[in-house]
Each structure stands twice: as C-alpha cells, then as structure tokens.
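Me: Got a minute to look at a structure with me? I'll drop it in here.

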Amino acid sequence: QVVLEAVRECGRALDFASEMLRADAVVVLEAVRQDWRACRFAAPELTSDANFVLEAAEHAWQVLQFASEELRGDPNLVLRVAAHDGRALQY
C-alpha cells in the first residue's frame, strides 16, 4: 500500500520498489499513469506480457520502447498501440 501511494505521487519511485512489486501489474500501471518512464523499472515478465503492454500503452504509447524485443517486433501489437498514436511505429 505504501509503494502504491508512492508511485501515485512519483512514478519513478518504482525504481526503489522490490522485485515483487515491480512485477505487480497494478503497482506498475499506477506508476506509468503518473510517469510513463517508470515502465523502465517494470519486471521483465510484465514488459514481455502483451496484455500488460497494451494496457500501459493506453496511458502512454511511449511505453512500447520498454516492451520486450519480441513484442516490439510483433506487428499486430505495434499496430494496436499505433492506433492510439502513430508515433508508436518508431519502436
């Protein structure tokens, strides 16, 4: 609960969270809502999960740059993100 409040105030506080919390989709999405760059601190299991990346990209298309290489190479996923903002095609 404390970490959730912290990331709501400053998304980059995720950098100081435990590995377990960095793998918690609820915590990471709250951090991304506050600052999309917090996604860089998300656990690999989240950044390689298409559903998580799509949900995070609804808040900021830029999170695509932190998605796994496999997901960044998935044309269907990239096009779904680009439907919100065409700039996502750069990743």
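Reply: Sure. One term before we start: buried means under 20% relative accessible area, and exposed means over 50%. Also keep in mind that this is a predicted model.

Me: Fine. Which residues of helix 7 are buried?

Reply: In helix 7, which runs over residues 75–82, the buried ones are Leu 77, Val 78, Val 81 and Ala 82. They sit on the same side of helix 7, because they cover an arc of only 135° around the axis.

Me: And which exposed residues are on the face turned away from the buried side of helix 7?

Reply: Pro 75, Asn 76, Leu 79 and Arg 80 are the exposed residues carried there.

Me: What covers the buried residues of helix 7?

Reply: The cover includes helix 5 (50–57) and helix 6 (69–72).

Me: What caps the N-terminal end of helix 7?

Reply: Asp 74 does that: one of its side-chain oxygens is 2.9 Å from the backbone nitrogen of Asn 76.

Me: OK, switching to helix 3. What caps the N-terminal end there?

Reply: Asp 24, with a side-chain oxygen 2.9 Å from the backbone nitrogen of Val 26.

Me: Which residues of helix 3 are buried?

Reply: Val 27, Val 28, Leu 29, Glu 30, Ala 31 and Val 32. These buried residues pack against helix 1 (2–9), helix 2 (19–22), helix 4 (44–47) and helix 5.

Me: There's a Glu in that list. What does the side chain of Glu 30 meet in a salt bridge?

Reply: The side chain of Arg 33, at 2.9 Å from N to O. Glu 30 and Arg 33 are 3 residues apart in helix 3, so about one helical turn separates them. Glu 30 is buried at 18% relative accessible area, while Arg 33 counts as partly exposed at 43%.

Me: Why can side chains like that pair at all?

Reply: Side chains of opposite charge can pair when their charged atoms come close.

Me: Which residues are linked with Glu 30 and Arg 33 in a network of salt bridges?

Reply: Glu 5 and Arg 8 are linked with them in that network.

Me: How many salt bridges does the count come to?

Reply: The count comes to 7. One of them joins Arg 22 and Asp 15, with the closest N and O atoms 3.3 Å apart. In that pair Arg 22 is buried, with a relative accessible area of 15%, and Asp 15 is partly exposed at 30%.

Me: What about Asp 35, which residue does it form a salt bridge with?

Reply: Arg 37, where the closest N and O atoms are 3.0 Å apart. Asp 35 is buried, at 11% relative accessible area, whereas Arg 37 is partly exposed at 32%.

Me: Last topic, cysteines. How many disulfides does the count come to?

Reply: The count is 0 disulfides. Cys 10 is in none, and the nearest cysteine sulfur, in Cys 39, is 15 Å away.

Me: Why is there no bond from Cys 39 to Cys 10?

Reply: Because the sulfur of Cys 39 is 15 Å from the one in Cys 10, its closest cysteine sulfur, and that's too far for a bond. The cut-off for a disulfide is a pair of sulfur atoms within 2.5 Å.

Me: And are those two cysteines buried or exposed?

Reply: Cys 39 is buried, with a relative accessible area of 3%. Cys 10 is partly exposed, at 39%.

Conventions: Residues are numbered from 1 along each chain as its sequence is written. This is a predicted model: local features need pLDDT of at least 70, side-chain atom pairs count only at pLDDT 80 or more; totals for chains, interfaces and linings use all residues. Side-chain values use heavy atoms; hydrogens and water are left out. Buried means under 20% relative accessible area, exposed over 50%, partly exposed in between (1.4 Å probe, protein chains only). Helices (H or I, at least four residues) and strands (E, at least two) are DSSP runs, numbered from the N terminus. The arc is that of the directions from the helix axis to the C-beta atoms. Contact means heavy atoms within 4.5 Å. A polar contact is a pair of N or O atoms within 3.5 Å; within protein, one must be able to donate a hydrogen and the other to accept it, and residues adjacent in sequence count only if both atoms are side-chain atoms. A salt bridge is a side-chain nitrogen of Lys or Arg within 4 Å of a carboxyl oxygen of Asp or Glu.
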